[in-house]
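Good morning, and thank you for making time for this. I would like to take you through one structure, beginning with its strands, then its charged side chains, and finally its helices.

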Amino acid sequence: MVSNPLPPIARRLAQQRWVMRTAPVVIPVERAVRRWTDGRMGVLDVVGLPSIEVTVPGRKTGIPRTTSLLYVPRGENFLVLGSNWGSPKHPVWSANLRAADTATVRHKGKQFTVSVTELTGVDRKPAWDLAVEFWPGYEMEYELSGGRQFRMFELRRV
């Protein structure tokens, strides 16, 4: 079996500042790929990177909101970071996730409930180190954001 050569290329590209300007193109393409594959794949999956769809109620409206995210594998759990493409603002999904105890995850065509834990204090540093090792672009996104501390969440199957 031939392994996918794209993940190392994607990790190198993600460390280039110009890539962050592609969000207005990548996000609609992601939605389209998810729609075409009935949620089984997204852009990140195509390039061999792990992604999930997270659905959580809006903290103000209660309306379910779904977002596709890169995740960092942490054992059986999913680590997600609110890097927001290096924007100085936190992503809206992270505020919604912060207000929730549980969320729904779709991963490789399967849907299940997860508990949501925001990582803070002493739990944050080892998670950040793992995330940066897995996805070095987070360091560059941190710089682009003006040093905003990304919200980090661990999602565990219920």
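Let me begin with strand 5 (residues 102-107), which pairs with strand 6 in the antiparallel sense over 6 bridges. Helices (H or I, at least four residues) and strands (E, at least two) are DSSP runs, numbered from the N terminus, and two strands pair if DSSP finds at least two bridges between them. The model is a predicted one: local features need pLDDT of at least 70, side-chain atom pairs count only at pLDDT 80 or more, and totals for chains, interfaces and linings use all residues. Residues are numbered from 1 along each chain as its sequence is written, and side-chain values use heavy atoms, with hydrogens and water left out.

Within this pairing, Val105 has Phe112 in strand 6 as its bridge partner. The hairpin of strand 5 and strand 6 has 2 residues between the strands, and Lys108 there takes a positive phi near 50 degrees.

Strand 6 is also joined to strand 7, by 5 bridges, and these two run antiparallel. Val114 has Arg157 in strand 7 as its bridge partner, and Thr117 stands opposite Glu154 in strand 7. Strand 7 runs antiparallel to strand 4 as well, with 4 bridges between them; there, Phe78 is partnered by Leu155 of strand 7.

I turn now to the charges. How many salt bridges does a search of the whole structure find? The search finds 4, where a salt bridge is a side-chain nitrogen of Lys or Arg within 4 Å of a carboxyl oxygen of Asp or Glu.

Glu154, which we have just met opposite Thr117, forms a salt bridge with Arg74, the closest N and O atoms being 3.3 Å apart. This pair links distant parts of the chain, with Arg74 in strand 3 (residues 72-74) and Glu154 in strand 7, 80 residues apart. Arg156 also forms a salt bridge with Glu154, and here the closest N and O atoms are 2.8 Å apart. Arg74, Glu154 and Arg156 are thus linked in a network of salt bridges.

Is Glu154 buried or exposed? Glu154 is buried, with a relative accessible area of 6%. Buried means under 20% relative accessible area, exposed over 50%, and partly exposed in between (1.4 Å probe, protein chains only). Arg74, at 24%, and Arg156, at 41%, both count as partly exposed.

A further salt bridge brings together the side chains of Glu118 and Arg98, at 2.9 Å from N to O. This pair too links distant parts of the chain: Glu118 lies in strand 6 (residues 110-118) and Arg98 in helix 4 (residues 92-98), 20 residues apart. Glu118 is partly exposed at 25% relative accessibility, as is Arg98 at 45%.

Arg148 presents another situation. Arg148 lies in the loop between helix 6 (137-144) and strand 7 (152-157). Arg148 is buried yet has no salt bridge; the nearest side chain of opposite charge, Glu141, is 6.9 Å away. For this purpose, Lys and Arg count as positive and Asp and Glu as negative, while His and the chain ends are not counted. What lies 2.9 Å from a polar atom of the Arg148 side chain? The backbone oxygen of Gly82 does.

Leaving aside neighbours within four places in sequence, Arg148 is in contact (heavy atoms within 4.5 Å) with residues including Ser83, His90 and Tyr142. Ser83 lies in the loop between strand 4 (77-81) and helix 4, and is buried at a relative accessible area of 9%. With the same neighbours set aside, Ser83 is in contact with Tyr138, Glu141, Arg148 and Phe150.

Two of these names, Tyr138 and Glu141, lead us to helix 6, where Gly137, Tyr138, Met140 and Glu141 are buried. Seen down the axis, these buried residues fall within an arc of 160 degrees, so they line one face of helix 6; the arc is that of the directions from the helix axis to the C-beta atoms. They pack against strand 2 (64-70), strand 3, strand 4 and helix 5. Helix 6 is followed by Gly146, whose phi is positive, near 85 degrees.

Finally, helix 5 (residues 124-134) has as its buried residues Arg124, Ala127, Trp128, Ala131, Val132 and Phe134. They cover an arc of only 160 degrees around the axis, which puts them on the same side of helix 5. The face turned away from that buried side carries the exposed residues Lys125 and Glu133.

Conventions: Polar contact = N/O pair within 3.5 Å; in protein donor to acceptor, adjacent residues only side chain to side chain.
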